[in-house]
Amino acid sequence: MLTILLASATAFSGEAHAQANTPASAPASSPVSIPASLSASASASSSATSTEELQSVEVKAIRDPAIMPYKVAYELMSKVRAASKDKVQILIRITSAKSHAPVPGLNIYLDGKNTHQQLDISATGFINVPLDQAAYADGAEFVTNQKKGSMEVNILLLPKLPQDVFKYADISESIEAAQLAIKELVPWYLRLFMPSVSGIGICYAEQNQTVLVKGSEEQHLPANSDATDPLKNKVHCARFAAKDAAKEKGNLIMPATGWQAIYM
């Protein structure tokens, strides 16, 4: 599997992933990861994060340099959406810098002169970052109730695929979308050091799964390539290569329930 991490803060670490029903992550072989300091330049050296403490309406909150400024997050998400024609999803996960696990009791707010909005955080640390034009214009920043330097942020790219049945054409378009998104976000001299996106894995937590493909004939492709998901759980994937998807765009892919998708 392949994970493409696009981190924009100097304390970032991460990986990019593909997804269908739930987020998944990079291959056991060679995940694509972009160091935070490098991808910050890709999203437009737009921000030196202030390390001052802020008083939020709701909490005494801290602006942590481990979390990118909202301006950068907004522009990054907007660029990915535009470059990929909304065929690539971007997820942001915050974990403890020490344990790499979700942070207990974490609160994150968008805070500005006219913006005081608490963000939803899943039990596994994924935050729901809105594309809020008003908050962007207000110069809002992310603030938290945690100590500076106690967190790290992973930014994950995931493909958007239909939920139940899809075509090889969807695989091909998703791969092209990821390549365009990376080209838009990452300078050419950094792309030289990244594995290319050449396929998508349809993955399961359980072993001995197969993926049904219907074309001129019916096939059951084994999910026998091992990888890990964004939570570092082992998954087993059937790999669909870009070159094959481009040739057989009309073939139908009918995965069993419980699948995840990743770039490979």
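## Valine 197 and the chain end

Valine 197 is buried, its relative accessible area being 3%. The residue sits in the loop that runs between α5 (188-191) and β12. Its C-alpha atom is separated by 5.8 Å from that of methionine 264, although the two residues are 67 residues apart along the chain. These values, like the others in this report, come from a predicted model.

## Overall composition

The chain has 264 residues, and buried residues make up 51% of them. Its secondary structure consists of six helices and 18 strands. Of the contacts between residues at least 6 apart in sequence, 77% join residues at least 24 apart.

## The sheet β15-β16-β12-β18

One open sheet is built from four strands in the order β15-β16-β12-β18, with antiparallel pairing. β15 (225-228) and β18 (260-263) each have a single partner strand, so these two strands stand at the edges and one side of each is left without a neighbour in the sheet. From one strand to the next, the twist averages 40°.

Strand β12 (residues 199-204) pairs with β18 over four bridges in the antiparallel sense. In this region isoleucine 202 stands opposite alanine 261 of β18. Helix α4 packs on the sheet and touches β12, β16 (234-241) and β18. The direction of α4 makes about 115° with that of β12.

At the other end of the strand order, β15 and β16 run antiparallel and are joined by four bridges. Aspartate 226 stands opposite histidine 236, which belongs to β16. The hairpin of β15 and β16 has five residues between the strands, and lysine 232 in this hairpin takes a positive phi near 70°.

## Packing of α2 against α4

Two packed helices are described by the angle between their axes and the distance between the axes. For helix α2 (residues 70-83) and helix α4 (residues 168-185), the axes come within 8 Å and cross at roughly 140°. An angle over 145 degrees would count as roughly antiparallel and one of 65 to 115 as roughly perpendicular; the crossing therefore makes α2 oblique to α4. The crossing of α4 by α2 is right-handed.

On the α2 side, the contact is made by Leu76, Lys79, Val80 and Ala83. On the α4 side, Leu180, Ala181, Glu184 and Leu185 take part. Together, the residues of this contact divide into six nonpolar, no polar and two charged. Helix α4 thus has two packing partners described here: α2 and the sheet that contains β12.

## The sheet β11-β17-β13-β14

Another open sheet has four strands in the order β11-β17-β13-β14, and its pairing is antiparallel. Here the edge strands are β11 (166-167) and β14 (218-222), each of which pairs on one side only. Two bridges hold the antiparallel pair of β11 and strand β17 (residues 252-255). The bridge partner of lysine 167 in β17 is leucine 252.

Asparagine 251 lies in the loop between α6 (242-247) and β17. With a relative accessibility of 11%, under the 20% limit, asparagine 251 counts as buried. Apart from residues up to four places away in sequence, asparagine 251 touches Phe166, Lys167, Tyr168, Val213, Lys214 and Gly215. One of these, Lys167, is also the bridge partner of leucine 252.

## Two residues in strands β5 and β7

Serine 96 belongs to strand β5 (residues 88-96). Its relative accessible area is 15%, and the residue is buried. When neighbours within four places in sequence are left aside, serine 96 is in contact with Ala101, Val103, Ser150, Met151 and Glu152.

Glutamine 118 is found in strand β7 (residues 116-118). Whereas serine 96 is buried, glutamine 118 counts as partly exposed at 41% relative accessibility. Beyond its neighbours within four places in sequence, glutamine 118 is in contact with Asn107, Ile108 and Tyr109. Between the C-alpha atoms of glutamine 118 and asparagine 128 there are 9.9 Å in space, for a separation of ten residues in sequence.

Methods. Residues are numbered from 1 along each chain as its sequence is written. This is a predicted model: local features need pLDDT of at least 70, side-chain atom pairs count only at pLDDT 80 or more; totals for chains, interfaces and linings use all residues. Side-chain values use heavy atoms; hydrogens and water are left out. Axes are lines fitted to C-alpha atoms, for helices over the stretch in contact, and angles run from 0 to 180 degrees between N-to-C directions. Angles under 35 degrees count as roughly parallel, over 145 as roughly antiparallel, 65 to 115 as roughly perpendicular and the rest as oblique. A crossing is left-handed if the near helix is turned anticlockwise from the far one by less than a right angle, and right-handed if clockwise. Contact means heavy atoms within 4.5 Å. Ala, Val, Leu, Ile, Met, Phe, Trp, Tyr, Cys and Pro count as nonpolar, Asp, Glu, Lys and Arg as charged, and the others, Gly among them, as polar. Two strands pair if DSSP finds at least two bridges between them. Buried means under 20% relative accessible area, exposed over 50%, partly exposed in between (1.4 Å probe, protein chains only).
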